[in-house]
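This report looks at the aromatic rings of one protein model and at what lies around them. Please keep the sequence and the structure in view while reading.

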Amino acid sequence: MAVKYSAIIGSLGQTSDRFMRMGYKDPAVDKVEFPDVIKELEKTKCIQGADLYQAPEGPLSDPDTVNEILKASGLVCSSVLPQVFGDRRWQHGSISAADPDTRKAAMELIRKNIDFNAKLIGSPSVNLWLGQDGFDYPLQTDYAKQWDWLIKNVRELADYNPDVRLTLEGKIREPRNRCLVDTTMTALLLCMEVDRPNVGVAIDTGHVFQAQQNVAQNIEVAARYQKLFMIHANDNYNLWDDDMIVGSLRITEYIEMFYSLRKCGYDGFISVDIFPYREDSYEATRQSVLNMKKYDELIDAIGFEKLGDVIRNGDPCEMTDVIRKSLYR
């Protein structure tokens, strides 16, 4: 297994929240333009790819320019995220919105994104994180119609270019109080309904933690159906999608995650998906990758077969002993 690492560039550089809308970083100091961000990622010396978004203008609007910039840094594009969540027009949803004109506009934007991706070196996946597709209140939504629109439109997007893979990323809430694709299992159900080989899931570890679920279990179930296309990694306190440095809170769960990735033979990208509001964005990214590399190395240090024995025995005391001895030598 040869896992590759990438970083989601949308949260690098300037970051803001509802209390600091102008952002926490000094724009005169922190690098926010696409070419600068890629150069900074190159300096980490531990990243092989970048998760991008298609912009309406500038370097990120032209696939040839993107390929040129990435090639110069020795990086590739790991995925592209259509912007169907951060604009006012998507406030009531995108491809599952009740308004047909909104659905049509969202489909047009994503088809453009698919065309964009098809021209990028490596044909990266299109990540469908549909954060505005959901609901906030009871008696607000026709759930059956919403689900039908979602299935129909994801299937249509999959058929638009079968050579471009689509990933569905589950999240329990935010920005909607209840997201339509809320968990990995819901995303898998949608994959089954859509029934297209180029549609799979992107598992975000923080979204799994927020939903009070287990990452390794999500990985192994997704892999069972050959739908494990992408991993996003971060950490949180379980109550919210805090998007903290990977491994800043958890160790054992990440060791288990890398065991499951090894077990499933996953050789795709793990993308660092953090919001380093007050930290150095690129150093926080580097620390995240270095932590994950260590977790991966621990699978060999402990022994893949030994971990299999621990799981078969099912003894938490044995598990605790094995993990402690591997970490504190």
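In this predicted model, the charged end of Arg103 is placed over the ring of Trp149, at 4.1 Å from the ring's centre. A second arrangement of this kind involves Arg165, whose charged end sits over the ring of Phe229, 3.9 Å from its centre.

Rings also pair with one another, and the count of aromatic pairs in the model comes to eight. One of them joins Phe135 and Tyr143 in an edge-to-face arrangement, with 5.2 Å from centre to centre and 65° between the planes. Phe135 counts as partly exposed, at 21% relative accessibility, and Tyr143 is likewise partly exposed, with a relative accessible area of 42%.

Another edge-to-face pair is formed by Phe209 and Tyr254, whose centres are 6.2 Å apart and whose planes meet at 80°. Because Phe209 lies in helix H6 (residues 205-210) and Tyr254 in helix H8 (residues 252-264), this pair ties together parts that are 45 residues apart in sequence. Phe209 counts as buried, at 2% relative accessibility, and Tyr254 is buried as well, at 1%. These two residues also belong to one aromatic cluster, which is formed by Phe209, Tyr254, Phe258 and Tyr295.

The two pairs described above are set out here for reference.

| Aromatic pair | Centre to centre | Angle between planes |
|---|---|---|
| Phe135 and Tyr143 | 5.2 Å | 65° |
| Phe209 and Tyr254 | 6.2 Å | 80° |

Key: Residues are numbered from 1 along each chain as its sequence is written. This is a predicted model: local features need pLDDT of at least 70, side-chain atom pairs count only at pLDDT 80 or more; totals for chains, interfaces and linings use all residues. Side-chain values use heavy atoms; hydrogens and water are left out. Rings of Phe, Tyr and Trp (its six-membered ring) pair if their centres lie within 6.5 Å; planes under 30 degrees apart count as stacked, over 60 as edge-to-face and the rest as tilted. Buried means under 20% relative accessible area, exposed over 50%, partly exposed in between (1.4 Å probe, protein chains only). Helices (H or I, at least four residues) and strands (E, at least two) are DSSP runs, numbered from the N terminus. A charge sits over a ring if NZ of Lys or CZ of Arg is within 6 Å of the ring centre and within 35 degrees of the ring normal.
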